[in-house]
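This briefing concerns the structure displayed below. The points that follow are grouped by topic.

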Amino acid sequence: MTHLATVVRGKLYTHRDSIPRHQLAFRKDIFAVIIDPGLLRRQEEWKDDECMILERAQQAKIPKGCQLMDEEERQELIEQLHQTKAEKEQEMQRLPIRNDTMRARTKRQELEEVLSKIDDHLELLSKPKVYIPIRH
């Protein structure tokens, strides 16, 4: 069984009812085309094949032993890190300005190290794709 399709202004309509009535008048840019159902089926198969090829290409980009981090999980981690960073910055502001004591110096040093690690993690998570090791 063959299908009748109509081309109007370069657009292919497979059902005659979907063509607007004002475009059904006899014009030079409207003509009927007979489409083989096998061709329609093959076109769908080609689209499926293209999707599979793209999916395989994306899978090939992922390093072995890793998986792509979910967007929700990534956003949640970023939010947690921002909260932790704000807390540590407040804690650092509460320290005395003068670092006369050994305790104050070590505490400031520890906070600076934690803040630099948080910044590093935020930089990693800000990338569009984040790969994490697969958990067994």
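**Packing of helix H3 and its core**

Ile-118 touches Leu-81, Thr-84 and Lys-85, leaving aside residues up to four places away in sequence; contact means heavy atoms within 4.5 Å. The model is predicted: local features need pLDDT of at least 70, side-chain atom pairs count only at pLDDT 80 or more, and totals for chains, interfaces and linings use all residues. Residues are numbered from 1 along each chain as its sequence is written, and side-chain values use heavy atoms, with hydrogens and water left out.

*Nonpolar core*
- The largest nonpolar core (buried Ala, Val, Leu, Ile, Met, Phe, Trp, Tyr and Cys residues joined through side-chain atoms within 4.5 Å) has eight residues: Met-69, Ile-78, Leu-81, Ile-118, Leu-122, Leu-125, Val-130 and Ile-132.
- At least two residues of this core come from each of helix H2 (71–93) and helix H3 (102–125), helices being DSSP runs of H or I with at least four residues, numbered from the N terminus.
- H3 gives the most to this core, three residues.

*Helix H3*
- The 24 residues of H3 reach 35 Å from first to last C-alpha, close to the expected 34 Å (1.5 Å times one less than the number of residues).
- Buried residues of H3 (under 20% relative accessible area, 1.4 Å probe, protein chains only) are Ala-104, Arg-108, Leu-111, Leu-115, Ile-118, Leu-122 and Leu-125.
- H2 is included in what covers the buried residues of H3.

*Arg-74*
- Arg-74 lies in helix H2 and counts as buried because its relative accessibility is 9%.
- Beyond four places in sequence, Arg-74 touches Met-69, Leu-125, Ser-126, Lys-127, Pro-128 and Val-130.

Notes
Buried means under 20% relative accessible area, exposed over 50%, partly exposed in between (1.4 Å probe, protein chains only).
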